[in-house]
Amino acid sequence: MNDRLREELLRTSRTKQPFTFLLLDVDHFKKVNDTFGHLAGDEVLVALSALLKRSCRASDAICRYGGEEIAIILVDTPLSGAKIFAENIRKAVESQPVAFEGKTIPITISAGLAEFPGQASSYTEVIARADKALYEAKTGGRNRWVVADQ
C-alpha cells in the first residue's frame, strides 16, 4: 500500500489529477468473531473483498490495512466521485448480509476519505487524515462515511 501511495503521489504531481484515499472498517467486527467464530469473521472479510473487487476499477488499489481495515486508492477520483463510491459501497455492504454455516451475519462498514492533493501534502498525511475521518465515522454512529476536515 505504501509503495502504491507513493506512486500515486508522483503520478498526481505529474498529471494534476487528484486521487482519494479511503480507509474502511467492518463495524463491530470483534462481535462477529465472538458471536459466530473466527472462520465466520474470515468469511465476512472474503465477502467484503469480493464486493470491493467488483466495485473498484482495475486502476484502483485495494489493500488490507490491518485487522479488518481496508485501504482503497481511487485513482483519478476527486472527493465528489469518492463520496458517491463510498455511499454505494456502504449501501451494498448493508444490503448483503454474509451467509455462513446456515447463519446470516449482517454487516456494515464505516469509512474515512481524504483527497490528495486537496487535503494532504504527503502519503503519511493522507493516511492520517483518512484514519481520523474513519474514527469520526465510527464514533458518530457507524455505518457511514466521513470526509477528512478541509
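The following exercises, with worked solutions, concern the salt bridges, nonpolar cores and sheet of a predicted model.

**Exercise 1. Determine how D3 and R6 are placed in helix α1, and whether each is buried, partly exposed or exposed.**

Step 1. The pair is joined by a salt bridge in which the closest N and O atoms lie 3.6 Å apart. This satisfies the cut-off of 4 Å between a side-chain nitrogen of Lys or Arg and a carboxyl oxygen of Asp or Glu.

Step 2. Helix α1 spans residues 2-15, and D3 and R6 are three residues apart in it, so about one helical turn separates them.

Step 3. D3 has a relative accessible area of 56% and is therefore exposed. R6, at 37%, is partly exposed.

**Exercise 2. Analyse the salt bridge between E8 and R4, and identify the network to which these residues belong.**

Step 1. The closest N and O atoms of E8 and R4 are 3.3 Å apart.

Step 2. Both residues lie in helix α1, four residues apart, which again corresponds to about one helical turn.

Step 3. Burial is assigned below 20% relative accessible area. E8, with 6%, is therefore buried, whereas R4, with 24%, is partly exposed.

Step 4. The network of salt bridges links R4 and E8 with R11 and D76. For the model as a whole, the count comes to 12 salt bridges.

**Exercise 3. Establish which elements are connected by the salt bridge between D25 and K138, and whether the two residues are buried or exposed.**

Step 1. In this salt bridge, the closest N and O atoms are separated by 2.8 Å. The pair connects distant parts of the chain, 113 residues apart: D25 belongs to strand β1 (residues 19-26) and K138 to helix α5 (residues 123-139).

Step 2. The relative accessibility of D25 is 5%, so D25 is buried.

Step 3. K138 is also buried, its relative accessibility being 15%.

**Exercise 4. Describe the largest nonpolar core and name the element that gives the largest share of it.**

Step 1. As a general background, nonpolar side chains in soluble globular proteins tend to be buried together.

Step 2. The largest nonpolar core of this model comprises 30 residues. Those with the most contacts inside it are L24, V44, L48, I72, I105 and L113.

Step 3. Two or more residues each come from β1, α2 (29-36), α3 (38-55), β3 (69-74), α4 (79-95), β4 (98-100) and β6 (109-116). Helix α4 supplies the largest share, namely seven residues.

Step 4. Another core, of 22 residues, lies apart from this one; L23, C63, A71 and A148 are among its members.

**Exercise 5. Work out the strand order of the five-stranded open sheet, its edge strands, and the placement of α3 on it.**

Step 1. The order of the strands is β2-β3-β1-β6-β7, and the pairing is mixed.

Step 2. Strands β2 (61-66) and β7 (145-147) each pair on one side only and are the edge strands. From one strand to the next, the twist averages 20 degrees.

Step 3. At the β7 edge, β6 and β7 pair in the parallel sense over three bridges. Here A111 stands opposite W145 in β7.

Step 4. Helix α3 lies across β1, β2, β3 and β6, and runs at about 155 degrees to β1.

How values were computed: Residues numbered from 1 in each chain as written. Predicted model: local features only at pLDDT ≥ 70, side-chain atom pairs only at ≥ 80, totals over all residues. Heavy atoms only, no water. Buried < 20%, exposed > 50% of the residue type's maximum accessible area, 1.4 Å probe, protein only. Core = buried A, V, L, I, M, F, W, Y, C linked by side-chain atoms within 4.5 Å. Pairing = 2+ DSSP bridges. Axes fitted to C-alpha atoms, helices over the stretch in contact; angles between N-to-C directions. Contact = heavy atoms within 4.5 Å.
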